[in-house]
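The following paragraphs offer a guided reading of a structural model. The reader is invited to keep the coordinates in view while following the text.

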Amino acid sequence: MERRVVITECSAITPIGYAKDDIIKSLQEGISGVKPLRDDGLLTDYIHSRVFGTVDYPIAYDFKRLYRKTMGPVAFYACQVARDILERAGLSQEFISSGRLGVAFSSTHGSPSIQRHIYKTFFSNLKSEFSSIGAVDYLKSMVHTTAVNITRMFGITGRVIASSTACTTSSQSIGFGYEMVKYGMQDAMICGGADEYDTTAVAVFDNLLACSVAYNDKPQCTPRPFDRQRDGLVVGEGAGAVLLEEYESAKKRGANILAEVIGFACNNNGGDLILPNIDGITTTLELALVEAGIEASEVDFVSAHATATKMGDVIESQAIAAVYGDSPLITGLKSYMGHTMGACGAIELILTIYMMEKGFIAPTLNLDNVDERCAMINHTRELTAADTRIAAIQNFAFGGVNTCLLIKNGQGGA
Amino acid sequence: MQRTEIQKQILAILEDLFEFENPGLNDNLRDDHGFDSIDAIELLGEIEKILGFSLTRAEKEKAMTIRTINDILDYIEVVASEHNQ
């Protein structure tokens, strides 16, 4: 059984806004969400990169304690975007708890701030009689905390998938959710990812010389995907969720079809866990086209992973050129908000849907002078009116995991 | 510690930390206030702070029969008394 799968709702908390209109405004006006790295009282002084894709606006969560008590910051993000899409969808509680709605959601590694709290408690009170770790600390920090807090809050009884694969976490969530619905295991899936403010991720990439350090006094000027003066990635925070539904049932209930997922591919480089791999990435992009049953020439827009690392952008450009040539417009959306880690695939997909709906493609921010080694593809250099029919969202992760999602514009009928 | 003082501290914890609304001494913790096993473990941590010593595994397991706030107060009195013997 193969069924069509459509995206009927989406919501994102991002460094460039939470409300759809705010995000679109940032994309159209070139507003960056990269800010100075907030002091964490622990690692900040030792980190060279002092920039961060920051969510610095208040969010009115309004969750009852019954639900709050098992949530760390990352689950707050996740449950908020999940609540947005469920409330807007208006699905019946009978369906939500029927076992036919599942959740594919995760984060890079649970809640690092709660994990830090656990170790702080453990080490600072090691010799004290009263040393103890809170009963809920594990529930707040475990790697699938986002997914199961969503199930708990809404009484969802279907499948749970919590793929924690760093930068491909949420693109895998969406891809695996798509496969769940396509092959009839579930009728709908809440899919996405989230990551909270976390300096350990910055420290790790900083130590690998992968973080941007040259624009600490001008955060909005970094990251700079594909630019000659790029000097690395900027870690960020945020969340994104989409509701995937089986096409016929979505149509029957009169759902607003934002886009159709027409293809997904995922593979592994089978070797180095850090270095980008041209063969692995190229194969992923090709596999997605085969799975969707379309030609490369049919893809109008590519949301590139484009972290602004020195080699990553070059390898990705080569892979795009090999598969697509210089036809589709290419944008690195991380240029607006940094690398939101486990959330990036979902957020970049949602931003792509917003741009499809509004008929424009945002340029890659800070792309002043294209690196010659990245110049063979069709970079979006300015705000461009575009009737995008098919888009690719590609993400690549530490560990050699590569993903590509292909979506078709839902306007005019999926 | 007097029972009235313990009661005052427990009610403050239940209202502030556990967000109980208008707790009654004989309310059923689970049915009336949604108190669950996670809350029970968290509350034991708070009781340890009131008592000023760590509860043993056996003492903690005895707490699992608690159903009301009065049960909590009884439990604290018994444990404190046994500890002082």
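**An enclosed helix and its surroundings**

In this predicted model, eight of the ten residues of helix 7 (residues 145–154) of chain A are buried, so the helix is largely enclosed by the rest of the structure. The buried positions of helix 7 are Thr145(A), Thr146(A), Ala147(A), Asn149(A), Ile150(A), Thr151(A), Met153(A) and Phe154(A). Just after the helix, Gly155(A) adopts a positive phi of about 70°.

Contacts from elsewhere in chain A reach this helix. Leaving aside residues up to four places away in sequence, Ala78(A) touches Thr146(A), Asn149(A) and Ile150(A), and also Phe105(A), Ala194(A) and Ala239(A). Ala78(A) and Ile150(A) both belong to the largest nonpolar core, which has 123 residues. They are among the residues with the most contacts inside that core, together with Ile7(A), Ile190(A), Ala241(A), Val242(A) and Leu244(A). Helix 3 (residues 73–89) of chain A supplies the largest share of this core, ten residues. A second core, separate from this one, comprises nine residues, including Ile10(B), Leu14(B), Leu43(B) and Ile72(B). In soluble globular proteins, nonpolar side chains tend to be buried together.

Attention may now turn to the strands. Chain A contains an open sheet of eleven strands with mixed pairing, in the order 5-4-6-7-1-8-15-14-9-10-12. Its edges are strand 5 (160–161) and strand 12 (378–379) of chain A, each of which pairs on one side only. Within the sheet, strand 1 (residues 5–13) and strand 8 (residues 259–268) of chain A run antiparallel and are joined by three bridges. One pairing places Val5(A) opposite its bridge partner in strand 8 of chain A, Val261(A).

Chain B has a secondary structure of five helices and zero strands. The radius of gyration of chain B is 12 Å, close to the 12 Å that the globule rule gives for 85 residues, so chain B is as compact as a globular protein of that length. Its C-alpha trace spans about 35 × 25 × 20 Å along the principal axes. Of the 85 residues of chain B, 15% count as buried. Among contacts in chain B between residues at least 6 apart in sequence, 62% join residues at least 24 apart.

How many residues of each chain are in contact with the other? Nine residues of chain A are in contact with nine residues of chain B. On the side of chain A that touches chain B, four residues are nonpolar, two are polar and three are charged.

Conventions
Residues numbered from 1 in each chain as written. Chains lettered and ligands numbered in written order. Predicted model: local features only at pLDDT ≥ 70, side-chain atom pairs only at ≥ 80, totals over all residues. Contact = placed C-beta atoms within 7 Å. Nonpolar A, V, L, I, M, F, W, Y, C, P; charged D, E, K, R; others polar. Helix = DSSP H or I, 4+ residues; strand = E, 2+ residues; numbered from the N terminus. Rg over C-alpha atoms; globule rule 2.2 N^0.38 Å. Buried ≥ 20, exposed ≤ 12 C-beta atoms within 10 Å, placed from the backbone. Pairing = 2+ DSSP bridges. Core = buried A, V, L, I, M, F, W, Y, C linked by C-beta atoms within 7 Å.
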